[in-house]
Amino acid sequence: MKILIAVDGSPFTKRMLGYVAAHDELFGPAHEYTLLTAVPAVPPRAAAVIDKQTLAEYYADEAEKVLKPVRTFFEKQGLKAKTSFKVGHPAEVITKAATTGKYELLVMGSHGHNALGNLVLGSVATKVLADCKTPVLLIR
């Protein structure tokens with residue numbers, strides 16, 4: 001199975017990874033994993049005065065802060081995973097990657113906001129569930 005795992009470096013990502021590690025009947029070396037993180041875009045006015053190389057390095061550094069510990073976790077579990085990052089709003093990045101990459105499953109953690117929290121704060125998980133055609137395993 002081709003599985004996309006969306007990570008953001010939060011405690012909710014750690015909880016989701018714990019679930020993955022504890023459920024080897026669902027997850028194992030027979031699957032193909034891609035770890036994805038979304039890096040928020042620098043505001044256009046700021047980006048306009050930063051050279052492209054510096055901006056690209058900034059995005060890569062920010063992504064690596066999230067991906068490195070997750071990559072290490074996967075290696076300790078004996079699982080191989082590709083890593084990827086995209087710049088943009090997390091819900092849009094995750095949904096697009098899941099669709100264009102033709103993944104069979106998307107796994108992600110949820111902050112577990114209630115309905116009022118989602119209304120006020122918004123929810124990446126809620127937007128992904130609403131827009132993504134790929135099956136989603138949401139870990140809370």
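## Exercises on a predicted model

Strand β2 has 7 of its 8 residues buried, so the rest of the structure largely encloses this strand. Keep in mind that you're working with a predicted model. Let's start with the sheet that β2 belongs to.

### Exercise 1: Lay out the sheet

Work out in which order the strands of the open sheet sit, and which strands are at the edges.

**Solution.**

Step 1. Write down the order: the open sheet has 5 strands, arranged β3-β2-β1-β4-β5, and the pairing is parallel.

Step 2. Look for strands that pair on one side only: these are β3 (81-87) and β5 (136-139), the edge strands.

Step 3. Add the twist. On average, neighbouring strands in this sheet are turned by 20 degrees against each other, direction ignored.

Here's the general idea behind the pairing: strands of a sheet pair through backbone hydrogen bonds, in either a parallel or an antiparallel way.

### Exercise 2: Count the bridges

Find how many bridges join β1 to β2, β1 to β4, and β4 to β5, and pick out some partners.

**Solution.**

Step 1. Start with β1 (residues 2-6) and β2: they pair in the parallel sense over 5 bridges. Residue K2 has E32 of β2 as its bridge partner, and I3 stands opposite Y33 in β2.

Step 2. Go to the other neighbour of β1. Between β1 and β4 there are 4 bridges, and the two strands run parallel. Here A6 is partnered by M108 in β4.

Step 3. Carry on to the edge. β4 and β5 also run parallel and are joined by 4 bridges; the partner of V107 in β5 is L137.

### Exercise 3: Is β4 enclosed or open?

Decide how far β4 is enclosed, and check both of its faces.

**Solution.**

Step 1. Recall the cut-off: a residue is buried when its relative accessible area is under 20%.

Step 2. Count: 5 of the 5 residues of β4 are buried, so the strand is largely enclosed by the rest of the structure.

Step 3. Split the strand by face. L105, V107 and G109 sit on one side, L106 and M108 on the other, and all of them are buried, so both faces are covered.

Step 4. Ask which helices lie across β4 (105-109). Helix α1 lies across β1, β4 and β5, running at about 130 degrees to β4. Helix α4 (residues 90-100) lies across β1, β2, β3 and β4, and runs at about 150 degrees to β2.

### Exercise 4: Compare two helix pairs

Describe how α1 packs with α3, and then how α4 packs with α6.

**Solution.**

Step 1. Take α1 (residues 11-22) and α3 (residues 52-76): their packing angle is about 15 degrees, and their axes are 11 Å apart. Angles under 35 degrees count as roughly parallel, so α1 and α3 are roughly parallel to each other. Their crossing is right-handed.

Step 2. See who meets whom: T13, L17 and A21 in α1 meet V70, F73 and F74 in α3. Sorted by type, the residues of this contact are 5 nonpolar, 1 polar and no charged.

Step 3. Now α4 and α6 (residues 124-131): they pack at an angle of about 35 degrees, with axes 9 Å apart. α4 passes α6 in a right-handed crossing.

Step 4. In this contact, P90, A91, I94 and T95 of α4 meet V124, K127, V128 and D131 of α6. The tally is 5 nonpolar, 1 polar and 2 charged.

### Exercise 5: Two loop residues

Locate A41 and K102, and say whether each is buried, partly exposed or exposed.

**Solution.**

Step 1. Find A41 in the loop between β2 (32-39) and α2 (44-48). Its relative accessible area is 47%, so A41 is partly exposed.

Step 2. List its contacts. Leaving out residues up to four places away in sequence, A41 touches Y59, V87 and G88. For A41 and L55, 14 residues apart in sequence, the C-alpha to C-alpha distance is 9.7 Å.

Step 3. Find K102 in the loop between α4 and β4. With 68% relative accessibility, K102 counts as exposed.

Step 4. Check the backbone. Most residues other than glycine have a negative phi. K102 is not a glycine, yet its phi is positive, at about 55 degrees.

Technical notes. Residues are numbered from 1 along each chain as its sequence is written. This is a predicted model: local features need pLDDT of at least 70, side-chain atom pairs count only at pLDDT 80 or more; totals for chains, interfaces and linings use all residues. Side-chain values use heavy atoms; hydrogens and water are left out. Buried means under 20% relative accessible area, exposed over 50%, partly exposed in between (1.4 Å probe, protein chains only). Contact means heavy atoms within 4.5 Å. Axes are lines fitted to C-alpha atoms, for helices over the stretch in contact, and angles run from 0 to 180 degrees between N-to-C directions. Angles under 35 degrees count as roughly parallel, over 145 as roughly antiparallel, 65 to 115 as roughly perpendicular and the rest as oblique. A crossing is left-handed if the near helix is turned anticlockwise from the far one by less than a right angle, and right-handed if clockwise. Ala, Val, Leu, Ile, Met, Phe, Trp, Tyr, Cys and Pro count as nonpolar, Asp, Glu, Lys and Arg as charged, and the others, Gly among them, as polar. Two strands pair if DSSP finds at least two bridges between them.
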